[in-house]
Amino acid sequence: MNPAISKGGRRALWAMFVLLTIFLYAPIVILIIFSFNNREIVSFPWEGFTTRWYHEFLRNSELLNALKTSAFVALLTAIMTTALAVPAAIAFVRRRFFAKGLVSGILLAPLVIPLVVFGISLLILFNTIGIPQSALTIAIGHIVIALPFAILVLVPRIERIPPSLEEASRDLGAGGLTTFRLITLPLLFPALISAALISYTISFDEVVVASFINGEATTFPLYLYSQLRLPRKLPAVIAVAVVVMVVSVLVVVASEVGRVLADRRLERQTGGSVEELALSGGKG
Amino acid sequence: MMHASMDDPTTPAISLRGVTKRFGDVTAVDDVSLDIREGEFITLLGPSGCGKTTTMRMIAGFEEPDDGQILLRGHDVVGIPPNKREVNMCFQHYALFPHMTVEENIAYSLRLKKVPKDQRHGEVVKMLEIVRLEGYEGRRPGQLSGGQQQRVALARALINEPAALLLDEPLGALDVKLRKQMELELKRIQLELGTTFVYVTHDQEEALSMSDRIAVMNAGVIEQLGTPREVYDHPDTPFVADFVGVLNAVELRVDTKDGEDAVMRIDDAERIVVPAAGAGEGAMLLVAVRPERIQLEPGETDGAAGSRVTGKVAQVVYLGTLTQFHVDTRIGKRFVVHRLSDEGTAGVAEGDTVTLTWTREDASILRESV
């Protein structure tokens, strides 16, 4: 307990924490409640518990197709983004090159470019060079959005792999690619999973960019958005939203737990000296 | 031309010829030439930034020289990547692969060479025997102590029977007691296998205790190359004298010559005598003498031969086996004297007047100017 904070101050901090938590999670709780409410209109009063909205969405082929499209786009995004982010992150950490600051600025820019602007730009670009819009064009847009996140997840992990491990591998007879396969990649694996999952989630719920370049394809968020005009279908949409949310939370929690465990294991294996190793690069 | 030298015992294991390496404006290694003999234990000794690690990394192939040649058993290896060079390296913090077992670590190079698994296992067992870690095959690096990790790193680097083993401050991360023990172990393994060891350190004790020869480096050049005894007893330069061991150095003008010896008189009873065939009267000599070569007697005494200086004891430091006396001498220079602790010097205390004496052979000349 921090003695520098008075009793009153501590109470105030707790109150703030509770309020913030309510502010963050109340909408989600409401959503979950309504998904079980036996009423055609999404509002109170409570008219009894039902799971019929869940049954309904399982029969809605349009909705299931949208989910499938989203799953495909997100999977493609996750794989491609991670594949692109790994070499980029390694280059940032290990190499010195011309205009490094500028290059990192360009790669990380999608973090700050408004999605609406980016969506319009992509639309114009695809039209100009004549690429037909489809699930693939959505994936291209999502890769650009997800790439900075994936890089930012990978960089700290690479920073903690001592360059001397790669040098030792080279010294013992491995070429660059073999070293990457046998040493760098296995040590990078937990962060690789994190990067892929983050890319997946970013893609899965992205609606703005997708709405510009989806062509005939409909992703889950796009479908959700379009259904808002039809109040009759709303309860089922809410039910599927709850399912998606629960699945996402489980996946993220599982991956975080896995990452922390893997980190601890690496820490134990190297006797906690990873940082020390990383710092002792070139000298003498 | 490419082959004749392989088994010729006179061909150096490693030969550096005019090797230079610059990082930007800094010349890290400056025109270094050095022949390392087959089976030799050679140490590159120097302070951090002296170029010793860069020199080693150039031999390993992690840095390329800007100038000069590096010959491995007679073949120029400049431009050849580290994975194609017949040397292996022991890294400062061992650099064991954390996701592999001890066996997988040691067998790494054999695995790359596609040696069959059961043969690999046999080799690993043999290496573990040599480094005295029998039965540790299945452990992970994180489960080993620093000294054990060091042994695994050694086994991993030696299993390939390299032309030379490069060791980059390998004992730096160990505590003192373990370090002393590993020094003996390293020397034993080196003698047992007959491998050429190139050892980089800033620790002069390590260098003196293990090496066949020491190359003392400073500011990118080799200041002196010689056996530990040569380097310690007859340093060529002030830097070597100062870096290897504690040193008393004083600059004085030659008053008279006594045969081969230069004599520098302080007063009637006190003088410094040093063999100096080349130096004439009036020359300025920087004379050095090691702390343990100086005799220390209470009071003012006089005698015939050798050097003699009196002074006042400023500090007495008890070091266990040795006692260290800091003496402010009449010539205005503080001298450090090491004596065995059980001698008659036990009664000497701070403030006492003492006489320091040493023979003419115990002093050496670091620099001469007119």
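**Reading confidence, burial and a helix face in a predicted model**

Reader: Over which residues of chain B does pLDDT stay under 50?

Author: pLDDT, the predictor's confidence in each residue from 0 to 100, stays under 50 over residues 1-6 of chain B. For these residues the model has 5 contacts beyond four places in sequence, a contact being two C-beta atoms, placed from the backbone, within 7 Å. Where pLDDT is low, the predicted coordinates should not be read in detail. The mean pLDDT of chain B is 88, with 96% of its residues at 70 or more. This is a predicted model, in which local features need pLDDT of at least 70, side-chain atom pairs count only at pLDDT 80 or more, and totals for chains, interfaces and linings use all residues. Residues are numbered from 1 along each chain as its sequence is written, while chains are lettered from A and ligands numbered from 1 in the order in which they are written.

Reader: Is M217(B) buried or exposed?

Author: A residue is buried if 20 or more other C-beta atoms lie within 10 Å of its own, exposed if 12 or fewer, and partly exposed in between. M217(B) is buried because 32 other C-beta atoms lie within 10 Å. It belongs to strand β9 (residues 213-218) of chain B, strands being DSSP runs of E of at least two residues and helices runs of H or I of at least four, numbered from the N terminus. Beyond four places in sequence, its contacts include L44(B), C50(B) and I222(B).

Reader: Which residues of helix α10 of chain A are buried?

Author: An α-helix has 3.6 residues a turn, so residues three or four places apart point the same way. In α10(A), residues 220-227, the buried residues are F220(A), P221(A), Y223(A), L224(A) and Q227(A). They lie on the same side of α10(A) because they cover an arc of only 160° around the axis, taken from the directions from the helix axis to the C-beta atoms.
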